[in-house]
Amino acid sequence: MSEKMWAGRFKKQLDSEVNDFNSSIRVDCRMYKSDIGGSMAHAAMLARQGIIGEEDAEAIIGGLEGILADLDSGVLEFDMTAEDIHMFVEAELTKRIGDTGKKLHTARSRNDQVALDLRLYLRDQVSEMIEEIKTLITVITDKAEAYKATVMPGYTHLQRAQPITFGHHLMAYAQMFLRDIERLRDASDRMNFSPLGSCALAGTTYPTDRRFVAEKLQMQGICENSLDGVSDRDFAVEIANACALIMMHLSRFSEEIILWSSWEFKFIELDDAYSTGSSIMPQKKNPDISELVRGKTGRVYGDLITLLTMLKGLPLAYNKDMQEDKEAVFDSIDTVRQCLNVFAPMLDTMTVIEKNMLDAAAKGFINATDVADYLTKKGTPFRTAYKISGTLVAHCIDKGTVLEKLSLDEFKSFSEVFEADIYDAINLENCTFRRKSEGGTAVESVEAQIASVRSKL
């Protein structure tokens, strides 16, 4: 076991099992680019402020560039006996450029270093996740455009309620995912402040320029309180919360895809590339991708609870408990991105069975509200019209028929207000396409929604 950089105070080496328990290199090694980028900015600041010499800074930055290149290419592998990514990089740097490498850690602590690394790494991950959500929204809007006039039943309580278009239904999810992008951007903006220079907790006696480092790293500014700078993990919680909401939206969508692809609905059929079969039942075509997305949602919820629970009792400033932040937030991001990258093509390749949607919409009296609206527009108070419409539905159920097949005399037996134009009012397509209110299911409204979403992308 290599000697720890903090070993001066200690007379014994760390127990091997304790070393493994204490180490975070297996989790935080993925932050190597952020760690090296932050260190290069820090070295440049130290030289600019006269804290170390220009030649030392050049040697440090050159050494870090070499380490970065070698890690990227695979020439250099991580030492899994190292305590963390920071110690690994510093040890490798010192190995390459000698004692000059030991000057890099002047005027900083691992406490502010890891806080910076995590912010920089998550900033990049969030940016990539946003692009993946945009890809999904593009698939959704393209599908909505293709099926903007496809009539299907809309549901409440999973009971057929009113006719809508499939395009309208899809655009509801586009709105959800747009909000997810906004949440991620908001969280990223609040996160994009540099804690470097907070040191262990109290700042430093060196004449550092923290704002120079922040600007070099394209951050909006600095964390203005050094205690907060090293102990703040709100940003990790916010991102995990945004991930939980993304998964909730994906899970709701998955549930509908599972229902729609069942024989009971058969509104869609998933492509063979995004379905699996049964080991014993040869007729089966299972929506496993949607089921896995639905299942993984609980995992991401757990990551959020892990972070909130880990942080809830911590006194200021840094505590080792906070090492648990990375595994939880990394898992949240990894899971969401994995789900997004299979969900979008699954949706893009599914077959929509329009006839089955229309047939389902023709059943279940989903034009009953239009009967009530018809009466109301002719002067009947809505509550009275509502009761007449409900009584008509009960009559149809008793007779084993539907509203469209009632005679005008039958309609008039319930209200003299009914005229021959009732049949036009309860025509299924008219019920759907006349709902032109902003945000409604009419084709023109769906087209406006699609245009609005595309402009926001």
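**Notes on the predicted model**

1. Helix α6 covers residues 110-146, 37 residues in total, and spans 54 Å from first C-alpha to last, close to the 54 Å expected at 1.5 Å a residue. This is a predicted model, and the points below should be read with that in mind. Of the 37 residues in α6, 27 are buried, so the helix is largely enclosed by the rest of the structure. At the N-terminal end of α6, serine 109 acts as the cap. A side-chain oxygen of serine 109 lies 3.0 Å from the backbone nitrogen of asparagine 111.

2. Next, the packing of nonpolar side chains. The largest nonpolar core has 73 residues, and the members that touch the most others are Leu122, Leu250 and Phe253. Two or more residues each come from α6, α7 (166-191), α10 (234-260), α11, α12, α13 and α19 (443-456). Helix α10 gives the largest share of this core, 14 residues. Leaving out residues up to four places away in sequence, leucine 250 touches Leu136, Phe177, Val293, Cys339, Leu340 and Phe343. Another core lies apart from this one. That second core has 35 residues, among them Ile25, Cys29, Leu71 and Met219.

3. The structure holds 13 aromatic pairs. One of them joins phenylalanine 166 and tryptophan 260, edge-to-face, with 5.4 Å centre to centre and 75° between the planes. Because phenylalanine 166 is in helix α7 and tryptophan 260 in helix α10, the pair ties together parts that are 94 residues apart in sequence. Are these two residues buried or exposed? Phenylalanine 166 has a relative accessibility of 0% and counts as buried; tryptophan 260, with a relative accessible area of 2%, is buried. Elsewhere, Tyr374, Phe411, Phe418 and Tyr423 are linked by ring pairs into a cluster.

4. Two contacts of a charge with a ring can be listed together. Lysine 266 has its charged end over the ring of tryptophan 263, at 4.4 Å from the ring centre. Arginine 383 lies over the face of tyrosine 386, and here the distance from the ring centre is 5.5 Å.

5. Histidine 168 is part of helix α7. With 19% relative accessibility, histidine 168 counts as buried, because the cut-off is under 20%. Which backbone atom lies 3.1 Å from a polar atom of the histidine 168 side chain? The backbone oxygen of glycine 439 does. Besides Gly439, histidine 168 touches Gly440, Thr441, Val446 and Gln449, with residues up to four places away in sequence not counted.

6. Some backbone geometry deserves a look. Most residues other than glycine have a negative phi, and most peptide bonds are trans. Between leucine 316 and alanine 317 the peptide bond is cis, with omega about 10°. Alanine 317 belongs to the loop between α11 (288-311) and α12 (324-349). Cysteine 199 is not a glycine, yet its phi is positive, near 60°. The position of cysteine 199 is in the loop between β3 (193-194) and α8 (210-216), and at 8% relative accessibility cysteine 199 counts as buried. Phenylalanine 365 also has a positive phi, about 55°. The loop that holds phenylalanine 365 runs between α13 (354-361) and α14 (368-377).

7. Isoleucine 222 sits in strand β4, residues 221-222. Its relative accessibility is 13%, so isoleucine 222 counts as buried. Which residues is isoleucine 222 in contact with, leaving aside neighbours within four places in sequence? They are Phe193, Ser194, Arg210, Arg211 and Ala214. Isoleucine 222 and glycine 37 are 185 residues apart along the chain, and their C-alpha atoms are separated by 17 Å.

8. Glutamate 90 is located in helix α5, residues 85-97. At 10% relative accessibility, glutamate 90 counts as buried. From glutamate 90 to lysine 103 the separation is 13 residues in sequence and 9.7 Å in space, C-alpha to C-alpha.

Key: Residues are numbered from 1 along each chain as its sequence is written. This is a predicted model: local features need pLDDT of at least 70, side-chain atom pairs count only at pLDDT 80 or more; totals for chains, interfaces and linings use all residues. Side-chain values use heavy atoms; hydrogens and water are left out. Helices (H or I, at least four residues) and strands (E, at least two) are DSSP runs, numbered from the N terminus. Buried means under 20% relative accessible area, exposed over 50%, partly exposed in between (1.4 Å probe, protein chains only). The expected span of a helix is 1.5 Å times one less than its number of residues. A polar contact is a pair of N or O atoms within 3.5 Å; within protein, one must be able to donate a hydrogen and the other to accept it, and residues adjacent in sequence count only if both atoms are side-chain atoms. A nonpolar core is a set of buried Ala, Val, Leu, Ile, Met, Phe, Trp, Tyr and Cys residues joined through side-chain atoms within 4.5 Å. Contact means heavy atoms within 4.5 Å. Rings of Phe, Tyr and Trp (its six-membered ring) pair if their centres lie within 6.5 Å; planes under 30 degrees apart count as stacked, over 60 as edge-to-face and the rest as tilted. A charge sits over a ring if NZ of Lys or CZ of Arg is within 6 Å of the ring centre and within 35 degrees of the ring normal.
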